Amino acid sequence: VQVISRVAEFVVSSLPISGFEFRETVSGTHRFVERRRDKGELPFSFSIRAWTDRLRELLHPETREFFRCEIEGTVTLEGLAVAAPLAGTLEMSVVRKRQFVYDFTFKSAGGVAHRFYGHKDLSIFQPLKSVTTLYGEVSNAKTGRVVSTSVAYLDARDLPLLVISVLEDRDFRTKGWADDFLTKPVAPRE
């Protein structure tokens, strides 16, 4: 850990920036777990802006922020929420968990607070699937009861755009870069 900390400190101290951001959109399906609400596979999508203005902490393994970004955006789950604002974190635990963990809260159309917890399982044997497939569940934020399970995908054709979004967003502190992006619902891809 000390070696990683020293390397991270050297890398961060030589960078001309103190943070970064990127955008991501995933779409797929979700299914209510209660029989009475189950209508089969229903559309599910979210669009996020992930950022950090604390690059030093992001790259330092002894901090709480190690490979963790803030996220905000919108989420749509048919039968539960339409373009609902979301806020939370994205943990890019490449070494320890071998996962990207998405953890955010939002309110349903009825005003009930919900939590989405999802993960991309990273694998060197299936690299494309591991960065494009997100497994998750939605629970009632107050009770913790699981409401819905989901599988969503980042379209592999969007991977270059994801990388470009990291590179082009040099002024990561400027919020409001995508008011339309964050407020319009995302239609699932065919």
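Which residues does Ser108 touch, not counting residues up to four places away in sequence? The exercises below work through this predicted model, beginning with that residue.

**Exercise 1. Place Ser108 and list its contacts.**

Solution.
Step 1: find the element. Ser108 lies in the loop between strand S5 (99-107) and S6.
Step 2: check the burial. The relative accessible area of Ser108 is 10%. The cut-off for buried is under 20%, so Ser108 is buried.
Step 3: read off the contacts. With residues up to four places away in sequence not counted, Ser108 touches Leu80, Ala81 and His114.

**Exercise 2. Describe the strand pairing around S7.**

Solution.
Step 1: take S7 by itself. Strand S7 spans residues 133-140. Six of its eight residues are buried, and the strand is mostly covered.
Step 2: pair S7 with S6. Strand S6 covers residues 113-121 and is joined to S7 by six bridges. The two run antiparallel. Within this pairing, Gly118 stands opposite Gly136 in S7.
Step 3: pair S7 with S8. Seven bridges link S7 and strand S8 (residues 146-153), again running antiparallel. Here Glu137 has Thr149 in S8 as its bridge partner.
Step 4: look at the connection. S7 and S8 make a hairpin, with five residues between them. Gly144 sits in the turn and has a positive phi of about 80 degrees.

**Exercise 3. Is His30 buried or exposed, and what does its side chain reach?**

Solution.
Step 1: locate the residue. His30 belongs to strand S1 (residues 20-32).
Step 2: judge the accessibility. His30 has 0% relative accessibility, so it counts as buried.
Step 3: find the polar partner. The His30 side chain reaches the backbone oxygen of Glu78 at 2.8 Å.
Step 4: survey the surroundings. Leaving aside neighbours within four places in sequence, the contacts of His30 include Gly40, Pro43 and Phe44. Leu77 and Glu78 are also among them, as are Ser148, Thr149 and Ser150.
Step 5: connect this to Exercise 2. Thr149, a contact of His30, is the bridge partner of Glu137 in S8.

**Exercise 4. Classify the ring pair of Phe46 and Tyr102.**

Solution.
Step 1: count the pairs. The whole structure has seven aromatic pairs.
Step 2: apply the geometry. The ring centres of Phe46 and Tyr102 are 5.9 Å apart, and the planes stand at 55 degrees, so the pair is tilted.
Step 3: place both residues. Phe46 is in strand S2 (residues 42-52) and Tyr102 is in strand S5. They are 56 residues apart, and the pair links distant parts of the chain.
Step 4: check the burial. Phe46 is buried at a relative accessible area of 0%. Tyr102 is buried too, at 1%.
Step 5: widen the view. Ring pairs link Phe44, Phe46, Tyr102, Phe104, Phe106 and Phe116 into a cluster.
Step 6: add a charge over a ring. The charged end of Arg37 sits over the Phe32 ring, 4.1 Å from its centre.

**Exercise 5. Work through three of the salt bridges.**

Solution.
Step 1: get the total. The structure holds seven salt bridges.
Step 2: take Asp38 and Arg31. Their side chains meet in a salt bridge of 3.0 Å, N to O. Asp38 is partly exposed at 30% relative accessibility. Arg31 is partly exposed as well, with a relative accessible area of 34%. A network of salt bridges links Arg31, Asp38 and Glu41.
Step 3: take Arg145 and Glu34. Their side chains form a salt bridge at 2.9 Å, N to O. Arg145 is in the loop between S7 and S8, and Glu34 in the loop between S1 and S2, so the pair ties together parts 111 residues apart in sequence. Arg145 is partly exposed, at 44%. Glu34 is partly exposed, at 22%.
Step 4: take Arg49 and Glu72. Their closest N and O atoms are 3.0 Å apart in a salt bridge. Arg49 is in strand S2 and Glu72 in strand S3 (residues 68-77), 23 residues apart.
Step 5: compare the burial of the two ends. Arg49 counts as buried at 1% relative accessibility, whereas Glu72 is partly exposed at 22%.

Conventions: Residues numbered from 1 in each chain as written. Predicted model: local features only at pLDDT ≥ 70, side-chain atom pairs only at ≥ 80, totals over all residues. Heavy atoms only, no water. Buried < 20%, exposed > 50% of the residue type's maximum accessible area, 1.4 Å probe, protein only. Helix = DSSP H or I, 4+ residues; strand = E, 2+ residues; numbered from the N terminus. Pairing = 2+ DSSP bridges. Contact = heavy atoms within 4.5 Å. Polar contact = N/O pair within 3.5 Å; in protein donor to acceptor, adjacent residues only side chain to side chain. Phe/Tyr/Trp six-rings, centres within 6.5 Å; stacked < 30°, edge-to-face > 60°. Lys NZ or Arg CZ within 6 Å of the ring centre and 35° of its normal. Salt bridge = Lys/Arg side-chain N within 4 Å of Asp/Glu carboxyl O.
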